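Colleague: Could you show me how to read the charged side chains in a model such as this one?

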Amino acid sequence: MAKDAGMKYITITSRHHDSFSMFDTDASDFNIVDATPYGKDPLKELAEACKKEGIKLNFYYSLLDWRRDDYKDGKKGDEEAWNKYVGFMKAQLTELLTNYGEVGCIWFDGHWDQKEANWHYDEIYSLIHKLSPNTLIANNHHIQPIPGDDVQTFERDLPGENHGGFNHGVEVSQLPLESCATMAGKWGYSIYDKKFKSTKQLIHFLVKAAGKNGNLLLNVGPMPNGKIQPEFVDTLGEVGEWTSKYGESIYGTRGNVVGSQDWGTITKKDKTLYVHVLEAPSEPYIFISEFTEKIASATSFDGKTKVKFKQMKEGTFLYPGKDFDASIDGIIKLKLK
């Protein structure tokens, strides 16, 4: 389902704040193999499936822990307990980076529970890069990137924005960027959560993330029976239909071609620009302010229809015509000289 939706990597929860490990670990008995009738390691199965399907596998890993005494005591100032907890994390990270093949990224969460604590990042980050030099580190810490971070991630927001309240004062860095968002209101499954995002909303989030030079990490919380709820199945299928048709305007592109525009955004690949018109214009034209790069040609996405354009020192005017469809994302393809 993830592959059909156009996803290129999966980030799965290996251990969340509740301390439960979703993998076979010797560092704790509170795990899916030892503490449940299931008795198998789903991360092992997922790693094999991802390898087979050509999808990168990343592991989410919680820094904070609601259950372990060493974390609780360490939080109160017990240095010995804190060091024991850090040792526990190192043991689990070693397992994750040596037992499941190539891991694309370790995605940390929970720093915000103890912003002033010594998380021993120098040791933890060094361990990750020593065990798996190609594994990236993303830390959802809601602060400016710290030494060793490889990816800057923005919770519930596009890079540089703070509508969700998690990224106050955080500026966009030169690191690779990622936005993480939910398909409904909550991260995990909730029978009461009916705030389902529409296909259009999710495509717009994806396109805007690409326009700001970032990836989109889209969360799916499975139901208690392990299945993905029908509303998500339908929406992901529709997103997949869109990415299969228009994916070239997203994959392998760069953003930050122009600043925020009322009508949408632009992505770029070599000398091809994709103008994503997300809001249908009230005027018979789209104005790209301060855009003066010389255009060789302008066409519809499929290249079959020419689009008139006019370039001035104030910017560029595009005239897509009366049949232009911007109901979800009207894409105009520009070739630069």
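Modeller: What follows goes through salt bridges and then a buried acid. This is a predicted model, in which local features need pLDDT of at least 70 and side-chain atom pairs count only at pLDDT 80 or more, while totals for chains, interfaces and linings use all residues. Residues are numbered from 1 along each chain as its sequence is written, and side-chain values use heavy atoms, with hydrogens and water left out.

Colleague: How many salt bridges does the rule give, and which parts does the one between Lys3 and Glu53 tie together?

Modeller: A salt bridge is a side-chain nitrogen of Lys or Arg within 4 Å of a carboxyl oxygen of Asp or Glu, and the count comes to eight. One of them joins Lys3 to Glu53 at 2.9 Å, N to O; Lys3 lies in the segment before strand 1 and Glu53 in helix 1, so the pair ties together parts that are 50 residues apart in sequence. Helices (H or I, at least four residues) and strands (E, at least two) are DSSP runs, numbered from the N terminus.

Colleague: Are Asp70 and Arg68 buried or exposed?

Modeller: Buried means under 20% relative accessible area, exposed over 50%, and partly exposed in between (1.4 Å probe, protein chains only). Both Asp70 and Arg68 are buried, and their side chains form a salt bridge of 2.8 Å, N to O.

Colleague: What is the nearest side chain of opposite charge to Asp41?

Modeller: Lys and Arg count as positive and Asp and Glu as negative, with His and the chain ends not counted. For Asp41, which is buried yet has no salt bridge, that side chain is Lys44, 5.6 Å away.
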